[in-house]
Amino acid sequence: MKKIKFKNEFWCIVTARKDSKSIKRKNIVKIKGKELIKYSFDEIKKLKNDIKKTIVSTDDPVIKKISKKYSFEIIHRNSKLSGDLVNSVDVILDVLNKCLLKYQYLPKFFFLIQPTSIFLKSNHIKQLQKFLKKGNY
C-alpha cells in the first residue's frame with residue numbers, strides 16, 4: 001500500500017444530493033429568493049484565501065451548474081451514494097479517494113459543509129481554522 005501524502009491545506013467538501021425524502025429537491029429550493037445551497041456557497045466564497053479547494057459531491061445537474069458558476073470543483077456522486085440510507089462518511093470517502101487519484105495528495109484538514117446548514121458563517125470556519133493551525137487538538 002502506497003503512503004498517502006498530506007498537504008497542510010484546508011478544503012471544503014459540500015455534500016448535496018438531488019433527492020430528499022422530506023422536501024423534493026431541497027438543496028435548490030428558494031428561501032427568500034435564493035437557492036438553499038447558495039447560502040453555503042456564498043459563505044465558502046468569502047474564504048477564498050483560506051480554503052485551497054471546494055469540492056461539491058452531487059448527482060444533481062442543477063447543483064453542478066450552480067457549482068460551476070462559483071468555480072467549485074464537482075465530483076459526480078453515483079446512485080449508490082445518493083440514497084436516503086447513505087451516510088456522509090461514505091460520501092466523504094468517495095470524494096477523498098477520487099481526489100487522491102487526481103491530485104496524488106490529500107489535505108490535512110477538510111470541512112464537511114451541508115447545504116441545509118444555512119446558519120453556518122465564514123467566521124465560524126475561520127475560527128475553527130485558527131484552532132486547528134495551533135495544533136492543540
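A residue counts as buried under 20% relative accessible area, as exposed over 50%, and as partly exposed in between. With that scale in hand, here are the close-ups, all taken from a predicted model.

**The whole chain, before zooming in.** The protein has 4 helices and 6 strands, and from the N terminus on they run β-β-β-α-β-α-β-α-β-α. The radius of gyration is 15 Å, close to the 14 Å that the globule rule gives for 137 residues, so the protein is as compact as a globular protein of that length. Along the principal axes, the C-alpha atoms fill a box of roughly 40 × 35 × 25 Å. Of the 137 residues, 40% count as buried. If you like contact maps, look away from the diagonal: among contacts with a separation of 6 or more, 67% come from residues 24 or more positions apart. The accessible surface comes to about 8600 Å², and carbon and sulfur atoms own 54% of that.

**The largest nonpolar core, with its best-connected members.** In soluble globular proteins, nonpolar side chains tend to be buried together. The largest nonpolar core here has 20 residues, and the ones that touch the most other members are Val-14, Ile-37, Phe-41, Ile-51, Phe-111 and Ile-113. Which elements give two or more residues to this core? They are strands E1 (6-15) and E6 (106-113), plus helices H1 (36-45), H2 (61-69) and H4 (122-134). There is also a second, separate core of 10 residues, with Ile-55, Ile-75, Ile-92 and Val-95 among them.

**Phe-41 and the covered helix that carries it.** Leaving out residues up to four places away in sequence, Phe-41 touches Val-14, Val-56, Ile-66, Ser-67, Tyr-70 and Phe-72. Step back to H1 and you find a helix that is mostly covered, with 7 of its 10 residues buried. The buried ones are Leu-36, Ile-37, Tyr-39, Ser-40, Phe-41, Glu-43 and Ile-44, so don't expect a purely nonpolar list: Glu-43 is on it by the under-20% cut-off.

**Arg-25, an unusual backbone angle plus a salt bridge.** Most residues other than glycine have a negative phi. Arg-25 is not a glycine, yet its phi is positive, at about 55 degrees. Find it in the loop between E1 and strand E2 (30-31). Its side chain meets that of Asp-60 in a salt bridge, 2.8 Å from N to O. The pair links distant parts of the chain, 35 residues apart, with Asp-60 sitting in the loop between strand E4 (53-58) and H2. Buried or exposed: what is Asp-60? Asp-60 is buried, with a relative accessible area of 1%, whereas Arg-25 is partly exposed at 23%.

**Gln-104, another positive phi.** Gln-104 is a residue other than glycine as well, and its phi is near 70 degrees. It lies in the loop between helix H3 (88-103) and E6. With a relative accessibility of 47%, Gln-104 counts as partly exposed, because it falls below the 50% needed for exposed.

**Asp-84 and Arg-17, a bridge between two loops.** The structure holds 8 salt bridges, and in this one the closest N and O atoms of Asp-84 and Arg-17 are 3.0 Å apart. In sequence the partners are 67 residues apart: Asp-84 belongs to the loop between strand E5 (73-76) and H3, Arg-17 to the loop between E1 and E2. Asp-84 is partly exposed, with a relative accessible area of 41%.

**Lys-98 and Asp-94, a bridge within one helix.** Where does this pair sit? Both residues are in helix H3, and being 4 residues apart they are separated by about one helical turn. An α-helix has 3.6 residues a turn, so residues three or four places apart point the same way. The salt bridge has its closest N and O atoms 3.2 Å apart. Lys-98 is partly exposed at 32% relative accessible area, while Asp-94 is buried at 15%.

**A nonpolar patch on the surface.** Ile-23, Val-29 and Ile-31 make a nonpolar surface patch of about 210 Å². Val-29 is in the loop between E1 and E2. With a relative accessible area of 32%, Val-29 is partly exposed.

Methods
Residues numbered from 1 in each chain as written. Predicted model: local features only at pLDDT ≥ 70, side-chain atom pairs only at ≥ 80, totals over all residues. Heavy atoms only, no water. Core = buried A, V, L, I, M, F, W, Y, C linked by side-chain atoms within 4.5 Å. Buried < 20%, exposed > 50% of the residue type's maximum accessible area, 1.4 Å probe, protein only. Contact = heavy atoms within 4.5 Å. Patch = residues over 30% accessible without salt bridge, like charges linked within 9 Å, V, L, I, M, F, W, Y side chains within 5 Å. Areas by Shrake-Rupley, 256 points an atom, 1.4 Å probe, with all protein chains shown as cover. Salt bridge = Lys/Arg side-chain N within 4 Å of Asp/Glu carboxyl O. Rg over C-alpha atoms; globule rule 2.2 N^0.38 Å.
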